[in-house]
Amino acid sequence: MLGNTEPMLTDTTPRIDGERIRLRPFEAKDTALVASVADDPLIPLITSVPSDPTPEAIEAYLIRQEQRPVQGWGYSLAVANLETDEAVGQLSLALRNLDLGRASVGYWIAPQHRRRGYAAAALDTIADWAFGFEQLRRLELYVEPWNEGSWRTAEVCGFHREGLMRGWERVGDQWRDMYMYSRLVQ
């Protein structure tokens, strides 16, 4: 982590700089990124990204991301290129179970920015930062078995596959199996 303070639960989204990326609040300038993933076959199914990218729907999405910490949900962060601050994806850190010593993380990178190491950089950065919470012992993430790029990213970042959760999560109109991964505090 580069030049960041220890994490604190706040009602505002933090800015966290990593080696290649910046995790930051979503901004109005990120509307093009959100619009660019509206027709992705998976992102709108598993997130609250609108599948109909009207200006109103995108604005509502950005507002929802800003409200996550206020609602006690955790943080939804734009993944941005550190040099240009251009948003390339999203990462969430759900802290609803922090009192139980665990949190979960999820991420997506827009297709035009994939295979450049952004997801791994973002996942490593948030894990290092989140383990600054004294009570956090375990970070979890869930990945569909077919999504090799995502589960390989998790493994590169020190997450270990714990098993297959059958019928674990509803994606669209189907219940899907998910690999469960975790990374423990060191």
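Let me start with helix α3, whose buried residues are I58, Y61, L62 and Q65; they cover an arc of only 95° around the axis, which puts them on the same side of α3. Please keep in mind throughout that this is a predicted model. On the other side of the helix, E56 and E66 are exposed. As for what the buried residues of α3 pack against, the partners are α1, at residues 31–36, together with the strands β3 (74–81), β4 (87–94) and β5 (102–109). The helix itself runs over residues 55–67, and its 13 residues reach 18 Å from the first C-alpha to the last, close to the 18 Å expected at 1.5 Å a residue.

Helix α3 also brings us to the largest pocket, since α3 is among the elements that give two or more residues to its lining, as are β4, β5, α4 (118–130) and β7 (160–171). That pocket has a volume of about 1400 Å³ and is lined by 45 residues, of which I46, G106, Y107, W108 and S150 lie nearest its centre. By character, the lining divides into 21 nonpolar, 14 polar and 10 charged residues.

Finally, a word on the backbone. Most residues other than glycine have a negative phi, yet D85, in the loop between β3 and β4, has a positive phi near 65°. R115, which is not a glycine either, has a positive phi of about 65° and lies in the loop between β5 and α4. Which of these is buried and which exposed? D85 is buried, with a relative accessible area of 14%, whereas R115 is exposed, at 86%.

Key: Residues numbered from 1 in each chain as written. Predicted model: local features only at pLDDT ≥ 70, side-chain atom pairs only at ≥ 80, totals over all residues. Heavy atoms only, no water. Helix = DSSP H or I, 4+ residues; strand = E, 2+ residues; numbered from the N terminus. Expected span 1.5 Å × (residues − 1). Buried < 20%, exposed > 50% of the residue type's maximum accessible area, 1.4 Å probe, protein only. Arc of directions from axis to C-beta. Contact = heavy atoms within 4.5 Å. 1 Å grid on protein atoms, 1.4 Å probe; cavity = no way out; pocket = protein on both sides within 12 Å on 5 of 7 lines; lining within 4 Å. Points joined across faces, edges and corners; volume = space filled by probe spheres on them. Nonpolar A, V, L, I, M, F, W, Y, C, P; charged D, E, K, R; others polar.
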